[in-house]
Amino acid sequence: MDSLFDPPAERWQRVSVKLRTVHRIVLAVWVTLPAVVACALVALLLQWWWLVALVAAVALAGLVWGWFWAARSQAAWGFAENAEDLWIRHGVAWRRLVAVPYGRVQYVDVTAGPLERAYGIAKVSLHTASSSTSAVIPGVPADDAVRLRDRLTELGKTRGSGI
Amino acid sequence: MQGQRTHPASAFVRVWIWIAAGVVAFGRDVVEGGGDRSLLSILWIGLALVGAAALLGVVFGYLSWSFTRYFIDGREIRLESGVLTRKSRRAPYERIQSVDIAEPFAARIFRLCELRIELAGGDDSRLSLQYLRHADADRLRHLLLQRAYESGSHAVAAPAAATGEPGAPVPSPHLDLSPPILVVRPVRLVVATVVSTEFLAPAAFMLVLVVVGMVFPGVVIVGVLPFLFWIGQVIMSRVIAQWDFTLRRGATGLHVTRGLLSRVSQTIPYDRVQAVVVHQAALWRPLRLQRADVTVAGASRETDSASSSTDTLVPVARPDEIRMVLGELFADVDPAVVPRARAPRRSWLFAPVGWRFRSAGCDAHAFVADRGWVMHRTDVVPHAKTQSVAITQGPWQRRRGLANLAVHTPDGPVEAQALSLASSDVRGLAEAQLAHARAAREVRGEA
């Protein structure tokens with residue numbers, strides 16, 4: 001493997017596999033609904049059956065691709081708590097690794113939409129004085145997310161050194 | 001009603017806005033009225049419109065002046081204004097970040113100035129007194145800075161007057177006589193702007209349009225206007241706003257005085273400076289000229305083009321002068337001596353010419369990243385100001401063994417990014433950067 005995105009300690013903490021399911025459901029809704037509407041419109045107004053078949057095929061291909069993408073994307077997320085910094089990595093093709101020193105964390109958000117709540121996961125976002133930090137960990141089990149937030153907030157307070 | 005009033009002539013300062021509105025209304029009337037009216041009647045209408053507007057302006061100006069009061073008490077300065085809906089702005093002393101004196105053009109005509117009080121936090125973070133006499137503004141500025149210091153505002157250091165014997169004349173910070181450390185001569189400013197990309201790009205477009213216009217007359221006028229506007233904006237922000245740029249060393253920060261139409265005096269506080277970027281356009285290289293912008297924590301960043309003039313640290317100067325100013329802000333930081341890792345030859349695919357100009361590195365004091373060919377920039381981030389560090393890599397970069405490194409600082413003109421460096425260098429640089437930043441924070445924490 002590429003040493004560029006290796007964890008600072010021995011291994012990455014992975015995010016919940018339920019993130020795959022959530023991503024798949026969201027993607028399925030966003031692909032299926034427009035595709036069904038488009039197919040119905042074409043079938044009723046134009047009766048171009050080849051176009052209906054084409055749209056359906058593209059939508060199906062999108063669903064199949066999305067199914068595998070969700071798995072790879074979820075597997076690519078990882079975070080690690082070092083002695084001094086929180087490291088987060090993600091991305092399959094376009095990879096990103098961000099390291100945020102605890103002393104720089106200004107506040108930590110935990111957010112969970114209805115779908116995420118149904119699957120018991122949440123998103124943890126770290127904010128520093130820089131908006132380009134964009135340190136986000138999705139798919140953390142809800143209890144862990146709250147604990148992580150409390151721990152990071154506490155560390156941010158004790159190591160904080162102003163701006 | 002108790003409290004103090006602003007200067008009575010304030011009522012007239014804003015009349016020009018009304019006159020301008022009257023002129024615009026008159027212009028529209030002329031355009032829409034058609035050509036069947038005599039010149040005399042048009043002139044009368046114009047005079048009536050502009051006169052009425054000016055009269056309205058004076059009336060409103062007088063009303064709003066007479067309903068404006070400011071109060072200074074033990075804890076805060078408060079500004080109450082508004083004719084129909086009363087508005088009250090409070091500035092508690094401990095939230096004061098800076099007190100600056102500005103001289104908008106219209107106010108200069110009346111020999112008045114505006115006192116701007118910047119507050120920490122919130123969107124509504126400025127209170128300005130319009131308008132005061134210079135002597136009053138200077139006295140008030142000094143008083144406010146003194147009170148802010150006493151009530152423990154972190155941004156304000158002990159004013160010089162506080163250490164002097166009581167009763168001594170208060171040295172006016174506005175008429176600061178400490179010798180300037182840098183003065184940008186207008187000639188250099190004009191020459192540098194004329195050969196800058198920002199000026200030449202719209203000028204070239206305009207030249208093309210004029211040449212086209214000679215072949216196909218008629219189409220040019222409309223096309224030229226936006227470019228004229230563009231050039232005007234460049235001249236405003238780069239020449240007019242930076243005219244007679246003077247940098248002085250103050251107790252709390254570097255003191256800037258600049259501007260032709262409206263003199264602006266502002267302070268760049270030492271302890272809130274986050275990072276600096278030094279720009280050098282390709283055409284400035286043979287002239288050995290550079291420009292420097294600065295990111296200041298919590299600075300009110302305006303979204304319009306005016307921000308480019310408030311972020312300016314040095315509008316144009318020789319490299320040794322820039323280095324001197326950098327030394328004023330960050331002791332020990334000298335980008336010239338920082339060892340850099342250069343972008344490898346195989347990264348030419350992502351920047352056919354620019355790869356030669358890309359490099360990044362750090363020493364014990366700062367992280368430095370270079371990039372850009374036509375507009376070369378050197379971003380300098382002192383370790384103590386590092387917010388976070390990120391590595392990114394796209395699929396094509398991975399094939400060539402390249403990656404990007406970014407060192408994040410609070411939002412501002414500085415974006416320290418090393419693009420398409422060798423992957424083997426990037427991880428090492430990132431870890432070194434985190435270690436340096438940690439060490440710098442610990443030093444600050446003990447101090």
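**Exercise 1. Determine how many residues each chain gives to the contact between chain B and chain A, and which elements of chain B take part.**

Solution. Step 1: chain B contributes 26 residues to the contact and chain A contributes 24, where two residues are in contact if their C-beta atoms, placed from the backbone, lie within 7 Å.

Step 2: on the side of chain B that touches chain A, two or more residues come from each of β18 (388-393), β19 (402-408) and α13 (423-446) of chain B. Helices (H or I, at least four residues) and strands (E, at least two) are DSSP runs, numbered from the N terminus.

Step 3: α13(B) provides the largest share of this side, ten residues.

Step 4: sorted by class, this side of chain B holds twelve nonpolar, nine polar and five charged residues. Ala, Val, Leu, Ile, Met, Phe, Trp, Tyr, Cys and Pro count as nonpolar, Asp, Glu, Lys and Arg as charged, and the others, Gly among them, as polar.

The model is predicted: local features need pLDDT of at least 70, side-chain atom pairs count only at pLDDT 80 or more, and totals for chains, interfaces and linings use all residues. Residues are numbered from 1 along each chain as its sequence is written, while chains are lettered from A and ligands numbered from 1 in the order in which they are written.

**Exercise 2. Describe the strand pairing of β18(B) with β4 of chain A and with β19(B).**

Solution. Step 1: strand β4 (residues 95-101) of chain A and β18(B) run antiparallel and are joined by five bridges; two strands pair if DSSP finds at least two bridges between them.

Step 2: among the partners, R96(A) is opposite T392(B), and R95(A) has Q393(B) as its bridge partner.

Step 3: β18(B) also pairs with β19(B), again in the antiparallel sense, over five bridges. In that pairing V389(B) stands opposite V407(B).

Step 4: five of the six residues of β18(B) are buried, so this strand is largely enclosed by the rest of the structure. A residue is buried if 20 or more other C-beta atoms lie within 10 Å of its own, exposed if 12 or fewer, and partly exposed in between, with C-beta atoms placed from the backbone.

**Exercise 3. State the order of elements in chain A and decide whether the chain is spread out or compact.**

Solution. Step 1: chain A has four helices and seven strands, in the order β-α-α-β-β-β-β-α-β-β-α along the sequence.

Step 2: the radius of gyration of chain A (taken over C-alpha atoms) is 20 Å, well over the 15 Å from the globule rule for 163 residues, so chain A is more spread out than a compact globule. The globule rule is 2.2 Å times the number of residues to the power 0.38.

Step 3: the C-alpha trace of chain A spans about 65 × 35 × 25 Å along its principal axes.

**Exercise 4. Locate the two domains of chain A and describe how they touch.**

Solution. Step 1: domain 1 covers 18-73 and domain 2 covers 79-159; domain bounds come from an automatic or database domain assignment.

Step 2: their C-alpha centres lie 32 Å apart, and eight residues of domain 1 are in contact with eight residues of domain 2.

Step 3: on the side of domain 1 that touches domain 2, α1 (18-46) and α2 (49-76) of chain A each supply at least two residues. The largest share, six residues, comes from α1(A).
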